[in-house]
Structure formats: C-alpha cells, structure tokens
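Visitor: I am new to this structure and should like to learn how its descriptive terms are justified. Would you please take them in turn?

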Amino acid sequence: MVFEAVEPEQRQLLKKALDDARLCVPDVWIQYVSLGGIVGEYEVDAYINGSLSLPPLQRDILAHAANELIDELPPRPRAPYGADVARTQAGGHPLEDPQSAEEQGYGRGRGSNPGEG
C-alpha cells in the first residue's frame, strides 16, 4: 500500500467528517459515483478504513461527495452568546438585536476581544 504524503490525513479527516455527520459508505458511494467517481463501493469502504490507496482525483471526488451530503443535513444548533441568552431571558428573541455578537467582535476572523478586528 503506497500513500501519497497527504493521503493519510485526507482519509482520516474524511472518515471523521462522515462519522460526525453519521453518513454511511453506501450513501457516500452513490453520491461519489453520481459525480463521476470510478471505484466501487468496496474500494471506497477500504479507502475510508485505511486498507486501500486511491488516486488524488478520486479522493477529491469522494471528499466532494461527502461535502455535498453534509451540506444537505439540517444545521446543528449553535451555541448562544451571553447577550443572546440575556435577550431570551428578558422575553425577547435572540436574533432581535441588530448588533450580533459577531458585529461586536466575536465572529470568525476577528480577535478574541471585543473591538479587535
């Protein structure tokens, strides 16, 4: 079994994403084939479980198939910020305030302190 340098980590992260999303190999394989994947279900299962190497293009098609299925899943509940909980406790809706926690400096790509950007 010969692995390209990125393949083991790509495989592990794919397996984790599938496990976290509770997706099974047959569902991922069907999506993979619909996108032009050329290996069989058995080979996809063997790849996910670390027993078989796949060419880079086939790994990327498999990752794309998994991502499409993950995107179709219902969103998971998000953790509220303190201001959201306070509004809810006060009888309001957590999304009523036009200035969200992200706008206050707690969103992605921002610093960990309010006002940092």
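Guide: Let us begin with handedness: a crossing is left-handed if the near helix is turned anticlockwise from the far one by less than a right angle, and right-handed if clockwise. The model is predicted, so local features need pLDDT of at least 70 and side-chain atom pairs pLDDT 80 or more, while totals for chains, interfaces and linings use all residues. Residues are numbered from 1 along each chain as its sequence is written, and side-chain values use heavy atoms, without hydrogens or water.

Visitor: How many helices and strands does the protein have?

Guide: The protein has six helices and zero strands. Helices are DSSP runs of H or I with at least four residues, strands are E runs of at least two, and both are numbered from the N terminus. Along the sequence the pattern reads α-α-α-α-α-α.

Visitor: Why is α1 called roughly parallel to α4?

Guide: Helix α1 covers residues 7–21 and helix α4 covers residues 56–72; they pack at an angle of about 20°, with axes 11 Å apart. Axes are lines fitted to C-alpha atoms, for helices over the stretch in contact, and angles run from 0 to 180 degrees between N-to-C directions. Angles under 35 degrees count as roughly parallel, over 145 as roughly antiparallel, 65 to 115 as roughly perpendicular and the rest as oblique. The angle therefore places α1 roughly parallel to α4. Their crossing is left-handed.

Visitor: Which residues of α1 and α4 meet?

Guide: From α1 come Glu7, Gln10, Leu14, Ala17, Leu18 and Ala21, and from α4 come Arg59, Asp60, Leu62, Ala63, Ala66 and Ile70. Contact means heavy atoms within 4.5 Å. By class, eight of the residues where α1 meets α4 are nonpolar, one is polar and three are charged.

Visitor: What makes α2 and α4 roughly perpendicular?

Guide: The axes of α2 and α4 cross at roughly 115° and come within 8 Å. Set against the range given above, this angle is therefore called roughly perpendicular. The crossing of α2 and α4 is right-handed. In α2, the residues Asp27, Val28, Gln31 and Tyr32 meet Gln58, Ile61, Leu62, Ala65, Ala66, Glu68 and Leu69 in α4.

Visitor: What makes Leu23 buried?

Guide: Buried means under 20% relative accessible area, exposed over 50% and partly exposed in between, with a 1.4 Å probe and protein chains only. Leu23 has 17%, so Leu23 is buried. This residue lies in the loop between α1 and α2. Apart from neighbours within four places in sequence, Leu23 is in contact with Leu18, Val28, Ala66, Leu69 and Ile70. The C-alpha atoms of Leu23 and Ile70 are separated by 8.2 Å, although their positions lie 47 residues apart along the chain as a separation.

Visitor: How do Arg22 and Leu73 stand against those limits?

Guide: Arg22 has a relative accessible area of 74%, so Arg22 is exposed. Arg22 also lies in the loop between α1 and α2, and has a positive phi of about 60° although it is not a glycine. Most residues other than glycine have a negative phi. Leu73 has 33% relative accessibility and so counts as partly exposed; its place is in the loop between α4 and α5 (82–89).

Visitor: Which residues touch the most other members of the largest nonpolar core?

Guide: Among its 17 residues, they are Leu14, Leu18, Tyr32, Val44, Ile48 and Leu62. The elements giving two or more residues are α1, α2 (25–34), α3 (41–48) and α4, and α4 gives the most, with five. Leaving aside neighbours within four places in sequence, Leu14 is in contact with Tyr47, Ile48, Leu62, Ala63 and Ala66. In the protein as a whole, buried residues make up 26% of the 117 residues.

How values were computed:
Nonpolar A, V, L, I, M, F, W, Y, C, P; charged D, E, K, R; others polar. Core = buried A, V, L, I, M, F, W, Y, C linked by side-chain atoms within 4.5 Å.
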